[in-house]
Amino acid sequence: MAKKYPPISSKYPHFLHGADYNPDQWKDTPGILGEDMRLMKLAHVNAMSVGIFSWAALEPEEGRFEFGWLDEAMDALYENGIYAILATPSAARPAWLSQKYPEVQQVRPDRVRALFGERQNHCYTSPIFREKVRTVNRKLAERYKDHPALIAWHVSNEYMGYCNCELCEAAFRDWLKIKYENDLDRLNKAWWTSFWGHTYSSWEQIEAPAPHGSKTLHALNLDWKRFCTHNITEFYKNEIAPLKEITPDIPVTTNLMGTYPDINYHQLAPYLDVISWDNYPRWHSDSPDREIAFNTAFKHDINRCLKDGQPFMLMESTPSNTHGMAKLKRPGMHLLSSIQAVAHGADTVQYFQWRKNRGGVEKFHGAVVGHSGHENTRVFKDVTEVGKTLEKLDSVLGTTVSPDVAIIYDWENRWALNDIVAIGGHGRDYENTSVQHYKELWKRGIPVDIIDQTADFAGYKLIVAPMLYLVRPGTAAKLESFVEKGGTLVITYFSGMVDENDLCFLGGFPGPLRKIIGVWVEETDTLYEYDENYVTACENNELDLSGEYRTAGVCELVHPETASVLAVYKDDFYAGRAALTVNSFGSGKVYYMAFKNNDDFLTAFYGRLIERIKPLKAVDADLPEGVTAQLRTDGEREFVFLMNFATEERCVNIGGKGFKDVLTGESVINEIRLQKYGFRILERL
Ligand code: GLA
Ligand code: ZN
């Protein structure tokens with residue numbers, strides 16, 4: 001529901017703008033704190049993520065805490081009107097801790113224990129590590145609970161990875177015992193362990209997947225990944241326990257990483273007060289910027305949907321270059337990419353990092369203040385411009401969007417698809433395929449929710465479910481009721497093939513979805529790149545599609561049961577057989593794409609479908625290539641973000657009804673010119 005959400009902190013009800021701030025690296029540089037404060041005010045920043053990797057500075061020896069440097073930084077920030085998103089330091093352990101308690105060091109899948117070094121590589125189970133984390137977090141909370149600068153907790157940093165130590169493996173077995181109610185036979189059956197005779201006769205025989213052990217028991221892989229998400233969530237809950245106890249009113253978050261594969265963020269999200277994520281697209285690379293733009297937009301939308309539309313934080317982005325090729329953001333791109341986050345629901349724009357390190361691997365990564373140390377740089381000016389722009393967007397703060405369209409992008413489905421070794425490896429194309437469908441909506445300025453199978457489907461007009469291979473319990477029934485009540489479902493090849501344990505549905509694919517799709521999938525043909533086949537639109541098909549479209553490597557051979565055929569294969573032994581079908585079910589419809597397709601087909605298909613369904617659009621206008629429009633609203637006021645990711649000027653005709661430019665206050669009608677990387681934020685009058 002479109003509504004107005006409260007600001008992240010009532011202490012500062014405005015857009016947050018800031019960066020990771022690591023004063024612990026500069027303790028020995030006299031005068032630098034004061035200089036940082038001078039520069040921060042110049043840059044129009046107002047919130048810093050403080051001390052993310054500072055455990056060694058906070059607790060230089062076991063049990064001896066040093067807060068002086070942090071007191072100074074927190075006080076200086078507050079005195080200068082800047083707030084603190086204070087970090088808990090678990091992402092990087094002090095050396096003494098690893099030395100004294102080797103169990104905190106992560107064990108890799110090959111069962112080799114890591115040495116001290118790097119970061120985000122601890123054991124998530126180790127009781128001593130959890131205790132040490134709780135202690136330092138408690139000390140921080142006790143010390144800063146009444147500090148006026150404190151507005152949020154930045155818990156750890158980018159949780160990632162798995163640990164395969166004995167403690168983790170034992171915890172995995174305990175988790176399995178609960179899941180399978182102590183019934184090993186049940187687990188053996190669910191995992192189909194009779195395949196290659198892998199039947200377990202005792203719980204102790206179960207080991208997590210390993211490169212030199214089990215790799216091919218897909219249900220084991222799935223349960224291991226589910227357990228790791230659970231274990232990281234438990235670790236996070238352990239981290240926030242003292243924070244919630246001592247500072248119950250300060251929101252907690254941990255920075256996520258877009259479509260990071262190894263953690264099902266939908267499971268972690270309920271324990272975050274606000275979602276935050278780190279975004280590092282490679283602008284100006286070998287894909288055109290508009291492609292980077294819709295890939296990035298897809299991830300922003302995931303983050304907005306992790307808490308049902310609640311605005312999120314863009315916790316990290318780079319003001320110039322990231323790692324690898326150090327390609328700089330071209331003029332205009334920093335502001336545009338920051339506004340892009342806002343357009344999709346961010347209430348903050350933050351960077352990694354404030355001041356470039358002098359040493360270490362990130363010394364040449366983009367930062368607000370470079371090694372020159374002053375404000376007279378292009379990047380500093382770009383950042384200042386973002387700050388000044390955000391200051392004019394108070395009316396947008398807390399607004400969101402309620403799209404009519406949702407795409408199902410599901411982590412568990414993704415894990416299962418990734419494991420498929422047959423059907424040409426096309427299973428691994430899940431994210432890209434989902435984004436290809438998303439693009440068709442993005443380029444038409446149609447807001448989209450990206451949800452997983454656990455979401456409530458009611459309320460959407462159109463649900464797109466690319467490659468819904470693993471069907472979780474309850475999903476088929478929810479989709480049935482959605483379509484029955486008048487919803488439209490678009491679903492593709494590789495759907496309805498396995499259950500939550502990766503066991504194939506028997507009796508004919510697409511298993512539990514067969515009734516609503518109205519076809520039986522008999523076989524799947526995967527083609528080499530040099531193989532050509534086409535799909536030809538049938539005469540007088542209900543979508544008025546015409547012409548032919550090249551397939552892209554997957555052609556399912558299907559038998560329409562209750563569905564009607566809209567397009568057929570052109571060549572090969574299955575020429576003339578159904579490739580695109582539609583099934584009426586209750587008052588709704590289900591479109592089934594039996595083939596993997598190219599852009600030209602998706603463009604034609606969605607063009608026709610959207611004319612019929614008429615989902616909510618940000619603005620009633622035809623958008624030229626590279627331009628998108630997004631919407632934020634509180635249900636009363638509506639803000640349209642028009643953004644041009646093309647490398648040339650573009651024109652958009654928004655009609656004569658009238659908008660106000662939020663940044664300049666001027667009224668705007670009819671034709672709008674958007675310069676290269678230009679944007680406008682318009683309030684509908
Ligand atoms: C991640 C980390 C940061 C920094 C950046 C560099 O997002 O959270 O600490 O390493 O990458 O891009
Ligand atoms: Zn472990």
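This section describes the ligand site, unusual backbone geometry and one helix contact in a predicted model.

Ligand 1 is surrounded by residues from many parts of the sequence numbering: Phe53, Arg119, Asn157, Glu158, Asp278, Tyr280, Glu316, Thr322, His323, Phe352, Glu362 and His365. By class, this shell holds 3 nonpolar, 4 polar and 5 charged residues. Three side chains place an N or O atom beside ligand oxygen. For Asn157, the separation from an oxygen atom of ligand 1 is 2.8 Å. For Glu158, an N or O atom of the side chain is 2.6 Å from an oxygen atom of the ligand. Glu316 also has a polar side-chain atom 2.6 Å from an oxygen atom of ligand 1. On its own, ligand 1 has 310 Å² of accessible area, and the protein covers 94% of it.

Backbone geometry was then examined. Most peptide bonds are trans, and most residues other than glycine have a negative phi. Departures from both patterns occur in this model. The bond from Phe352 to Gln353 is cis, with omega near -5°. Phe352 is also one of the residues that surround ligand 1. Gln353 belongs to the loop that runs between strand 9 (346–351) and helix 12 (378–390). Another cis peptide bond joins Phe509 to Pro510, with omega near 5°. Pro510 sits in the loop between strand 13 (488–492) and helix 16 (514–517).

Ser156 departs in phi. Its value is positive, about 55°, although the residue is not a glycine. Ser156 is located in the loop between strand 4 (150–154) and helix 6 (166–179). Asn157 and Glu158, which follow in the numbering, are both part of the shell around ligand 1.

The helix contact involves helix 10 (residues 289–305) and helix 14 (residues 430–442). Their axes come within 9 Å and cross at roughly 100°. Angles of 65 to 115 degrees count as roughly perpendicular, and helix 10 and helix 14 are therefore roughly perpendicular to each other. From helix 10, the contact draws on Arg290, Ala293, Phe294, Asn295, Ala297, Phe298, Lys299 and Asp301. Helix 14 contributes Glu431, Ser434, Val435, Tyr438, Lys439 and Trp442. The contact comprises 7 nonpolar, 2 polar and 5 charged residues. Among the nonpolar members are Phe294 and Phe298 of helix 10 and Trp442 of helix 14. The charged members include Arg290 and Asp301 of helix 10 and Glu431 of helix 14.

Note on methods: Chains are lettered from A and ligands numbered from 1 in the order in which they are written. This is a predicted model: local features need pLDDT of at least 70, side-chain atom pairs count only at pLDDT 80 or more; totals for chains, interfaces and linings use all residues. Side-chain values use heavy atoms; hydrogens and water are left out. Axes are lines fitted to C-alpha atoms, for helices over the stretch in contact, and angles run from 0 to 180 degrees between N-to-C directions. Helices (H or I, at least four residues) and strands (E, at least two) are DSSP runs, numbered from the N terminus. Angles under 35 degrees count as roughly parallel, over 145 as roughly antiparallel, 65 to 115 as roughly perpendicular and the rest as oblique. Contact means heavy atoms within 4.5 Å. A residue is near a molecule or strand if one of its heavy atoms lies within 4 Å of it. A polar contact is a pair of N or O atoms within 3.5 Å; within protein, one must be able to donate a hydrogen and the other to accept it, and residues adjacent in sequence count only if both atoms are side-chain atoms. Accessible areas come from the Shrake-Rupley method with a 1.4 Å probe; for residues, only the protein chains shown count as cover.
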